[in-house]
Amino acid sequence: MDTRVVKISRHRPQKGKLEEAAEIIRRGGLVAFPTETVYGLGANALDKKAIAGIFRAKGRPADDPLIVHIADPGDLHKLAKDLSERTRILAEKFWPGPLTMIVRKTGLVPGQATAGLGTVAVRMPKNRIALGLIRAAGVPIAAPSANLFGRPSPTAARHVLGDLDGFIDMILDGGSTEVGVESTVLDLTGKHPEILRPGGISVEDIRKVLYDTVRAGSGGKIAKAVMKKSPGMGYRHYAPKAMLILVEGEEAGVAGKISELASKYAVEGKSVGIMASKETRRRYGKAGDVSVLGSRKNFSTIARNLFKIIRDFDEKGVEIILAEGFPEEGLGVAVMNRLRRAARRIIRV
Ligand code: TXA
Ligand code: MG
């Protein structure tokens, strides 16, 4: 299959291009498109065969359920039942935006999209191309991140092409995504809301509007209870080809340890990439190829650059990636969750 890459304006998506992509969705094909978080690989969420195509193209295990994307908060009622007042408040506050809500599903949603669970993940993305595509297609769009299973999520069309060229019908290229990490997955089917995956909306933000106990696991280990509700969370994710070593701890100690490791690997003749922050970059000499994620004072920049820099290192053929850990506040929780899951080794200093 030929994968067509179609450039499209993020501010004023061209109608004709959206219509072409929507036609592919309606006839059961696969279209990758930008959202505000990462690129998604979309198919008609109401079409079992189309959904099977997503799993095939990504090499994704069938027990890892998909997020269904809508363009109008009112459509939530078609996909979900027994909605609570909390769900209404959250949709009003955070949609369109990087919040995915797990709710009880109706019969409209095929079990293939939800890995046979009685629940469905729903979100309304904040991106004009994504919203325009869903509206033009006239159906909700099921979309996981548009990467090969296990690889870092794509934040640009070329990342999607690198992973899925020849396996999908079209890529709508709307430039780089803004948030850079995926949506927060929030389970609303229990007594208390529970974050199953930290993401673009922080737990602090959610607590501010709910005045309720919001459970949030640690950014790293995946609790058994989460695994049961969200089977896919247990798989290894975001893995670069290089060996990623994450060094966590207080800033100075982290930089010291990374310098030491960089020299050691350089002596061994290995090519080393360092994921640094603006504040620490000068601490690293010439032992490695240093990329700056952003300032430690602004996690949104760090989140935006995270997957891109990991993929850039892979493209350069770096063998070892040394990554700094960050404090787990705000978006830092999502960043650390992705880094820990991408890491082959974690060192605490
Ligand atoms: O930002 C995002 O969320 C992106 C864009 C494209 O919207 N999508 C994304 O999808 O990251 P994916 O498939 O890579 O991750 C969805 C996560 C998975 O970890 C899955 O296990 C969880 O959501 N999930 C989906 N449906 C679920 C359900 N019914 N119950 C619990 N977890 C669910
Ligand atoms: Mg994914």
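1. A good place to start is the strands around the ligand: β4 (67–69), β7 (119–123) and β11 (194–197) each contribute at least two residues to the shell around ligand 1. Please keep in mind while reading that this is a predicted model. Of the strands and helices, β7 deserves a look of its own, since the most shell residues come from β7, namely four.

2. Next, the make-up of that shell. Around ligand 1 there are 26 residues, and those that come nearest are Thr 37, Arg 60, His 69, Ser 183 and Ser 230. Sorted by class, the shell has 13 nonpolar, seven polar and six charged residues.

3. Which side chains make polar contacts with ligand 1? Three can be named here, beginning with His 69, where a polar side-chain atom lies 2.7 Å from an oxygen atom of ligand 1. Thr 119 has a side-chain N or O atom 3.0 Å from a nitrogen atom of the ligand. For Asp 64, an N or O atom of the side chain is 3.1 Å from an oxygen atom of ligand 1. As for cover, ligand 1 taken alone exposes 680 Å², and the protein buries 98% of that area.

4. Where does ligand 1 sit? Its place is the largest cavity. If you have the model open, this is worth viewing together with the buried area, as 98% of the surface that ligand 1 exposes alone is buried by the protein.

5. Now the chain as a whole. The secondary structure comprises eleven helices and 17 strands. The radius of gyration is 20 Å, close to the 20 Å that the globule rule gives for 349 residues, so the chain is as compact as a globular protein of that length. Along the principal axes, the C-alpha atoms fill a box of roughly 60 × 50 × 35 Å.

6. Two backbone details on either side of α4 may interest you. Before α4, in the loop between β5 (80–81) and α4, is Asp 82. Asp 82 has a positive phi of about 55 degrees, although this residue is not a glycine. On the other side, Pro 96 lies in the loop that runs between α4 (85–94) and β6 (99–105). The peptide bond from Trp 95 to Pro 96 is cis, and its omega is near -5 degrees.

Notes:
Residues numbered from 1 in each chain as written. Chains lettered and ligands numbered in written order. Predicted model: local features only at pLDDT ≥ 70, side-chain atom pairs only at ≥ 80, totals over all residues. Heavy atoms only, no water. Near = heavy atom within 4 Å. Polar contact = N/O pair within 3.5 Å; in protein donor to acceptor, adjacent residues only side chain to side chain. Areas by Shrake-Rupley, 256 points an atom, 1.4 Å probe, with all protein chains shown as cover. 1 Å grid on protein atoms, 1.4 Å probe; cavity = no way out; pocket = protein on both sides within 12 Å on 5 of 7 lines; lining within 4 Å. Sits in = over half its atoms within 2 Å of the grid points. Nonpolar A, V, L, I, M, F, W, Y, C, P; charged D, E, K, R; others polar. Rg over C-alpha atoms; globule rule 2.2 N^0.38 Å.
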